[in-house]
Amino acid sequence: MTSTRIAVIGAGPGGLTCARVLRRHGIDVTVYDADDSATARDQGGTLDMHPDTGQYALRAAELWDEFAALARPEGEQMRLVDRAGRVVFDSAPPQDGEGNPEIDRGQLRTILLDSLAAPVRWGHKLERAEPLGDGRHRLHFTHGGTTEADLVIGADGAWSRVRRLLSDAVPGYTGVTFVETGLDDADTRHPELAGLTGDGTMMALDDNHGFVAQRNSGGHIRVYVGMRVPEDWYGRAALDPADTAAVRTALLERFADWGETLRGYITDTDTGYVNRPLYALPVPHTWEHTPGVTLLGDAAHLMSPFSGMGANLAMRDGADLAQALIDHHGSDRHDRDRHGIDEAITAYEKILLPRSVEAAQGAAEGIASAFAPDSAAQSLAHMAAHH
Ligand SMILES: Cc1cc2nc3c(=O)[nH]c(=O)nc-3n(C[C@H](O)[C@H](O)[C@H](O)COP(=O)(O)OP(=O)(O)OC[C@H]3O[C@@H](n4cnc5c(N)ncnc54)[C@H](O)[C@@H]3O)c2cc1C
């Protein structure tokens, strides 16, 4: 049994940003994560950092220079391709250094992890948080350990355990699944697909199907083969996820009348296939203010990746929550501090809830139009309007 003032559950971009900003202001915080180590899981593809959210949070965390050293402004290039493989829209990245530069999600996480003075408590999967009254909670971890906290920050992502204290909401299937695959050393080994992808993101969307290919650092291209399918499409097709050849055949059948170059994103994989059904929380997802606990990032507002905002919002949430706690930080007297924490959560949730509802509505509309019968026309109209 141990005790901590502020416990952040989850070492994703949101929880780490929050912890970093708090520690820079001398506020003690402990971060717990279910993974066994920082490298236990692939950290995913590339993220573009938006000025008002991700970039704002990086500056609040005093990590701008570390980000700028790795950021890829050219990664903002956005290209739309028709189902035959012809480029129908191509936006060059802004030349003036403004905009939303890209960074690998893994690199971003490393910057945040390296910035924390005290290490993350890896191998701590929260099982449940037990209210003790007066805003305090006892945290029960699956390995049997417990700790008590004055404030529990649920930064534990899509399937948050902390969320159960605040709402009954569970993520629902969006109707769309991404099968993730990838190309290594693409310029040398897959020059035609590297050329089609460009420096940033390539999308080809039509008739409830599509490809999204994104250049990452180190010559890697991450590919999402998207389909509007039942959540259990693998099971219905009697597919064994480990049987790469069978998955490839099933995917090729679904893209039978697409251009041969685009089908290369399926056949030329260097990584195999990972099935990723996409989930979202109901919109709006709100909760009654509850002393001693709050949420940030996906735990609060899981939305489809078609917002392009999930990690950005998680980081801004983390920075805003930390700032609210800094602003309301009371004296060392126990009761004053407890009151300060409560005021801070109230102030933070007033900003968080409306902001995330607006973004989540946009994400729901985005995925609906990207995977519709007429998504080729819709995506072209969207590109023309926004780039
Ligand atoms: C295909 C795809 C593409 C995306 N592209 C973009 C993009 O371009 N731009 C963008 O901004 N966003 C994008 N996103 C969204 C983005 O990845 C998420 O919104 C973001 O990672 C959320 O950050 P988070 O810190 O809230 O949670 P997470 O990153 O999910 O981190 C949660 C952490 O909590 C830990 N955890 C989970 N459960 C427990 C537990 N019970 N106990 C302890 N620890 C726990 C996990 O191990 C994890 O480390 C994309 C998402 C997907 C699926």
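**Cavities and their linings**

Mentor: In this predicted model, α10 (298-301) and α12 (334-370) each supply at least two residues of the lining of the largest cavity. Local features need pLDDT of at least 70, side-chain atom pairs count only at pLDDT 80 or more, and totals for chains, interfaces and linings use all residues. Residues are numbered from 1 along each chain as its sequence is written, and side-chain values use heavy atoms, without hydrogens and water.

Trainee: What makes α10 (298-301) a helix?

Mentor: A helix is a DSSP run of H or I with at least four residues, so the run 298-301 counts as one.

Trainee: Why is Ser356 called a lining residue of the largest cavity?

Mentor: A cavity is a set of points on a 1 Å grid over the protein atoms alone where a 1.4 Å probe fits but cannot get out, and lining residues have an atom within 4 Å of a point. Ser356 is listed in this lining, so it has such an atom. Also listed are, among them, Pro282, His285, Leu302 and Ala360. The largest share, 3 residues, comes from α12.

Trainee: What is the volume of the largest cavity?

Mentor: About 50 Å³, a volume being the space filled by probe spheres set on the points. The second largest cavity has about 30 Å³.

Trainee: What makes two residues in the lining of the second largest cavity charged?

Mentor: Asp, Glu, Lys and Arg count as charged. This lining includes Arg105 and Arg109, so these are its 2 charged residues. α4 (105-114) gives the most to this lining, with 4 residues. The lining of the largest cavity has no charged residues.

Definitions and conventions:
On a 1 Å grid over the protein atoms alone, a cavity is a set of points where a 1.4 Å probe fits but cannot get out, and a pocket is an open set with protein on both sides within 12 Å along at least five of seven lines; lining residues have an atom within 4 Å of a point.
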